[in-house]
Amino acid sequence: MEVNVDNCFEAVTKEIQIKCEERLNELETVIKEYPLESVAEDIQLKSEEKVNEIEPVKKEYQSESLAEKNQITSEEKDSEVGLEETKDQTESVTKEDPFAYLDRDDFTSEKYKIEIRNLPKHYGIAEFKKLINTKLELNCSKVKTPNRNGKWLYMCFRSEEDKNTALGILNGYSWKNTKLDASNAKAVPDPLVKKRNEQFDNCLDVKKIKLDNAGAEQQMINAVTPLYNISYDEQLIQKTNSIKNVLMDYSRRLKRIKCGQGILNWLKKQQNENNGLPCELLQIQSLKDDSEKCIGYRNKCEFTIGMDVENKEPVVGFRVGAYNQGKTSVAPIDNISNVPQRMKDVVKCFQDLVRSSKLPVFDPENYTGHWRQLTVRLSLKTEQLMLICVVHTENMEESALNSLKQLILSYFTEGAGTDCKVDSLYFQKAKKRAAGEGNSFPLELLHGQGYIVEEVKGLKLRISPESFFQINTAASEILFDAAKDLASINSQTTVLDVCCGSGTIGLSIAKDCAQVIGVEIQDEAVNMAKLNATENGITNAIFFAGKAEEVMNKREFQNPENANDVVAIVDPPRAGLHNKAILLLRRMTHLKRLVYMSCNPKGALQNFLSLSMAESKTKQGAPFVPVKAVPVDMFPQTPHCELIVYFERLN
């Protein structure tokens with residue numbers, strides 16, 4: 001039976017108010033009957049008696065009203081004991097020191113931080129890093145910019161000595177005709193503790209109701225799949241309207257920048273022809289006709305290993321909220337609609353391993369514990385499965401680390417985990433990164449092959465642990481077809497596949513074009529793209545590893561064999577394409593058409609604007625303008641939507 005605590009306390013408050021009013025009437029009588037000098041003493045004595053009266057009255061009333069209002073029977077009293085259960089549902093909250101993390105032994109860049117002000121009006125972060133690292137040789141571990149093109153920034157160091165050395169050199173240092181101002185910077189508070197303290201301040205009775213597991217799971221579902229309870233037709237309408245807003249925003253922002261009269265005239269004409277939009281918006285593409293593919297569609301998930309909120313038991317699932325929201329708990333993924341059932345079964349099996357082991361799970365607040373993350377990649381067509389077990393190895397002896405690897409290996413090759421049928425099993429260490437280290441740590445293959453095979457558009461493609469691949473395999477085929485149709489690709493077309501990943505897009509259209517030339521920043525992905533081309537008998541595709549803004553200076557991009565018909569297909573990460581790459585694309589005079597694919601349309605707006613700005617000293621080459629756009633729903637049950645925009649040169 002559910003106890004309504006709020007109603008109980010309202011009743012208690014009312015009872016106390018009535019008794020206090022009665023007491024006031026008594027005191028008025030006292031004032032009339034007794035001399036003034038004794039009134040104060042009497043009031044004090046009787047007030048103290050009343051204070052002692054209130055608590056038992058409150059407790060008695062709570063117990064009586066709970067029993068009466070909820071009609072708790074003798075059988076129910078075994079499991080529900082009035083307010084005693086309610087007390088178990090609350091926890092005392094005390095304010096914490098949000099800077100206590102600075103006193104811990106582990107390293108944090110916030111310990112040794114300085115602030116640099118009075119920066120030049122025109123400067124670049126790359127320039128500043130070159131100054132401090134190359135010219136001044138300061139041992140800076142990190143440069144933080146509070147906002148884009150800000151007037152100040154932070155520098156972090158690994159020791160007090162390095163910090164003081166930098167202060168001595170940079171304070172008053174002349175750079176670009178300005179004298180830099182360097183001073184000690186305050187550390188930021190721990191966002192988790194800060195949030196808890198805010199909850200404390202907002203809580204009148206210094207109590208808070210604990211979130212139980214059911215509530216935590218619902219919060220997580222609402223965050224991961226916020227549209228799960230909306231009809232799919234309505235989801236598509238919402239996403240179409242969202243894309244319309246992005247395109248309208250493009251038009252508004254284009255008018256505010258130096259785009260030239262020619263572009264303004266073009267934009268006005270386009271808006272008249274397309275109901276206010278800068279280009280033709282085609283109908284959203286989706287798997288609407290195959291509704292079964294709109295659920296359980298994810299082929300990759302990164303699951304957090306943590307504790308549930310109620311029983312403090314290890315759980316493999318998704319975080320209930322972000323760390324800076326004051327949340328570190330994890331909820332199970334049993335009822336998440338976009339995760340396939342086989343993946344859920346694998347997660348449950350791995351969770352059994354975590355619970356049966358003696359190792360604690362990772363605690364992101366104190367940076368202790370070991371079990372941290374499980375990444376699962378699954379081909380829904382070939383049914384091949386890859387697992388990547390991520391373990392926090394700080395303060396872990398080599399013997400314990402080897403024992404853990406053997407435990408994981410045995411579990412999936414000989415124990416209960418054999419039912420998962422793992423084709424590729426990896427182990428990855430995780431720890432706080434030292435200065436100069438990358439964002440990830442080396443992967444160690446414990447079992448099976450180093451990749452899984454996915455099927456797309458009749459191709460068999462190798463997917464490595466770090467390869468980028470569209471999260472929805474079935475919808476990706478719709479995406480690739482839409483991109484190909486917009487680009488009007490034919491047997492004479494050269495396709496520049498920018499941010500090609502494992503070569504999926506380029507290889508899927510290779511048979512329909514003259515040549516595919518791909519570039520990708522990850523070496524491993526490029527090696528996989530080359531293997532995929534070979535294994536599928538594709539001979540008209542070549543791939544290069546490196547930054548797009550650097551590799552595209554190569555002859556193959558600047559002077560391709562079929563230069564009369566060149567189209568670029570750009571599929572960058574969520575952050576978009578580097579501005580240097582945009583400038584290179586604009587300078588390619590033989591490039592007349594460009595297809596931009598974005599999983600984050602709002603984030604891609606700056607790229608769209610850079611393509612469309614008027615020609616200048618920095619932006620050489622005629623601008624590109626949008627001609628057609630098509631949304632593709634790659635992420636049912638979520639508000640996210642892929643957008644493909646087809647650009648042409650404005651002559």
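Strand β15, residues 424–430, and strand β16 pair in the antiparallel sense, and five bridges join them. Within this pairing, L425 stands opposite H447 of β16. I should state at the outset that this is a predicted model.

Let me place these strands in their wider setting. The sheet is open and has seven strands, in the order β12-β11-β10-β13-β14-β15-β16, with mixed pairing. At the edges are β12, residues 330–331, and β16, residues 443–448, each of which pairs on one side only.

I turn now to the helices on this sheet. Helix α10 lies across β10 (300–307), β11 (314–319), β13 (371–378) and β14 (385–392), and its direction is at about 135° to β11. Helix α11 also packs on the sheet, where it touches β13, β14, β15 and β16. The direction of α11 makes about 155° with that of β15.

How do these helices meet each other? Helix α10, residues 341–356, packs against helix α11, residues 398–413, at an angle of about 135°, and their axes are 11 Å apart. The two are therefore oblique to each other. The crossing of α10 past α11 is right-handed. On the α10 side, the contact involves C349, F350, D352 and L353; on the α11 side, it involves L407, I408, Y411 and F412. Sorted by class, this contact between α10 and α11 has seven nonpolar residues, one charged residue and no polar ones.

One residue of α10 deserves a closer look, namely Q351. Is Q351 buried or exposed? With a relative accessible area of 6%, Q351 is buried, because the cut-off for that term is under 20%. Which residues does Q351 contact, leaving aside neighbours within four places in sequence? They are P314, V315 and V316. Q351 may also be compared with I305: the two are 46 residues apart in sequence, while their C-alpha atoms are 8.4 Å apart in space.

Finally, I come to another pair of helices. Helix α17, residues 579–587, and helix α18, residues 601–612, pack at an angle of about 30°, with axes 10 Å apart. Their crossing, too, is right-handed. Here N579, I582 and R586 of α17 meet N607, S610, L611 and S612 of α18. By class, the contact of α17 with α18 has two nonpolar, four polar and one charged residues.

Note on methods. Residues numbered from 1 in each chain as written. Predicted model: local features only at pLDDT ≥ 70, side-chain atom pairs only at ≥ 80, totals over all residues. Heavy atoms only, no water. Axes fitted to C-alpha atoms, helices over the stretch in contact; angles between N-to-C directions. Helix = DSSP H or I, 4+ residues; strand = E, 2+ residues; numbered from the N terminus. Parallel < 35°, antiparallel > 145°, perpendicular 65-115°, else oblique. Left-handed = near helix turned anticlockwise from the far one by under 90°. Contact = heavy atoms within 4.5 Å. Nonpolar A, V, L, I, M, F, W, Y, C, P; charged D, E, K, R; others polar. Pairing = 2+ DSSP bridges. Buried < 20%, exposed > 50% of the residue type's maximum accessible area, 1.4 Å probe, protein only.
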